Each structure stands twice: as structure tokens, then as C-alpha cells.
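Biologist: Could you take me through one part of this model up close? I'd like to hear about a single helix and what surrounds it.

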Amino acid sequence: MAILGIARMGHPVLRRLADPAADPTDPSVARLIRDMAETLDDAGGVGLAAPQVHERVRVILVRPPGEAPAFTVINPVVTPLDDDRELGWEGCLSIPGLRGVVPRHRRILCHGVAPDGRHVVHDVEGFVARIVQHEVDHLDGVLYIDRMVDLRDLVFEDQMRHHTGQDRPKTPEGVGDPES
Ligand code: NI
């Protein structure tokens, strides 16, 4: 296990397309997932994508706050389940200190492969769906700021109280840390 360095905005790895994992059960993938989990625990975020730790492979970790279960998806594919999009605050471990309001599909399916090699489908909505869409974007070289519709909603974390009346972003589950 190892805590990996997290690429910050400006590093080209965050703007490149990541490759599918040819063999999701390869030991190198398992090792990467373990290291990403330790890195995410250390950083305290709710999600992490492999390009953020300089690995150009399609792997995401989702660690929602509260009761929702954590999961890992290799080669994830997102399918929106409705046309509804809702606005919500997001942060990113690769863009430390900032928060922005981003439109995301409210409910999605996320197909992919679990670390044990089984095909999985996650039917998720709200904040968990938001995390998944944010992480899959990382695999395509997209950052949340690219999705923003109004850059006046891009603020420093310690100034959010001016926007929301609270120091932490409001999420569907209440107050949480959306950094991923
Ligand atoms: Ni991120």
C-alpha cells in the first residue's frame, strides 16, 4: 500500500483520455485500487479517478459520505436515466481550495467491472450519481469547471458561507464534503 501523489489542475495527465483496463483482474489493477483507496482515505475526499494519481487507466473509486455504500468500478460507462439535471456544489482533490456549482444528471446507471472481475451495474441518484459523473469525467480529461454554466459560482471554500450561508457545501444527504 502507498499514498500516491495527486495531480493538480495544470498537469497534462488530467486532460488526457484514460485507457480501458485490458484485464480488470490483473494484479497491477488490484494494487492500483488499494493505493488509490489509501490515497483517498488520506486526502479525505468522496471519490478518486486513476488519472488523478497519474495513472491513465479507467478506474474510479466512489466513497459517499453517510450511509451509501462505497464502490470501485473499472471501465465504467455512465447512462443517464432521465433528462433531469440538478445543480450542486462540487470540489476536486485536483483543484484544492475551490468549490463550484455544476449541473449533473440526477439519476444514472454506471456499468463496469468490479475488482473481483464481475460485471456490475450501479443504479444511483443524487449526490452519489454526482460523484460518479465527476469521476468518469476525469477518465475523459474533463474537470468539473468545464461543466459549470456560471463561473460566478466558482468560489474559494472558505468563502462559501457568502453563497450558501454555511461553511460546507449542501448536498442531498445534508452537509458533506464533495471533494473528489
Ligand atoms: Ni475530481
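Modeller: Here is a walk around helix α2, starting with the helix and then moving to the core and the charged pairs. Keep in mind that this is a predicted model.

α2 covers residues 126–139. The helix has 14 residues and runs 21 Å from its first C-alpha to its last, close to the 20 Å expected at 1.5 Å a residue. What about its surroundings? All told, 14 of the 14 residues of α2 are buried, so the helix is largely enclosed by the rest of the structure. After α2 comes Gly141, with a positive phi near 75 degrees.

Now for the packing. The largest nonpolar core has 17 residues, and Ile60, Val62, Phe71, Val124 and Val132 are those with the most contacts inside it. At least two residues of this core come from each of β2 (59–62), β3 (71–80), β6 (107–113) and α2. The largest share, seven residues, is supplied by α2. Val132 is a handy place to look: beyond its neighbours within four places in sequence, Val132 touches Ile60, Val62, Phe71, Val78, Ile108, Cys110 and Val124. There's also a second, separate core of 16 residues, with Ala37, Leu48, Ala50 and Val113 among them.

Cys110, one of those Val132 contacts, counts as buried at 0% relative accessibility. Don't go hunting for a disulfide, though: the whole structure has zero. For Cys110, the nearest cysteine sulfur belongs to Cys92 and is 17 Å away, while the cut-off for a disulfide is 2.5 Å. Cys92 is buried too, with a relative accessible area of 1%.

On to the charges. The count of salt bridges comes to 13. In one of them, Arg104 meets Glu90 at 2.8 Å, N to O. That pair links strand β5 (residues 98–105), where Arg104 sits, to strand β4 (residues 85–90), which holds Glu90, 14 residues apart. Arg104 is buried at 3% relative accessibility, and Glu90 is buried at 1%. Arg99, in a salt bridge with Glu157 (3.0 Å, N to O), is buried as well, with a relative accessible area of 0%.

The Asp123–Arg107 salt bridge, with its closest N and O atoms 2.7 Å apart, joins strand β7 (residues 119–125) to strand β6. Here Asp123 is partly exposed at 44% relative accessibility, and Arg107 is partly exposed at 30%. Finally, shared partners join Glu90, Arg104, Arg130, Asp137 and Arg147 into one salt-bridge network.

Key. Residues are numbered from 1 along each chain as its sequence is written. This is a predicted model: local features need pLDDT of at least 70, side-chain atom pairs count only at pLDDT 80 or more; totals for chains, interfaces and linings use all residues. Side-chain values use heavy atoms; hydrogens and water are left out. A nonpolar core is a set of buried Ala, Val, Leu, Ile, Met, Phe, Trp, Tyr and Cys residues joined through side-chain atoms within 4.5 Å. Buried means under 20% relative accessible area, exposed over 50%, partly exposed in between (1.4 Å probe, protein chains only). Helices (H or I, at least four residues) and strands (E, at least two) are DSSP runs, numbered from the N terminus. Contact means heavy atoms within 4.5 Å. The expected span of a helix is 1.5 Å times one less than its number of residues. A salt bridge is a side-chain nitrogen of Lys or Arg within 4 Å of a carboxyl oxygen of Asp or Glu.
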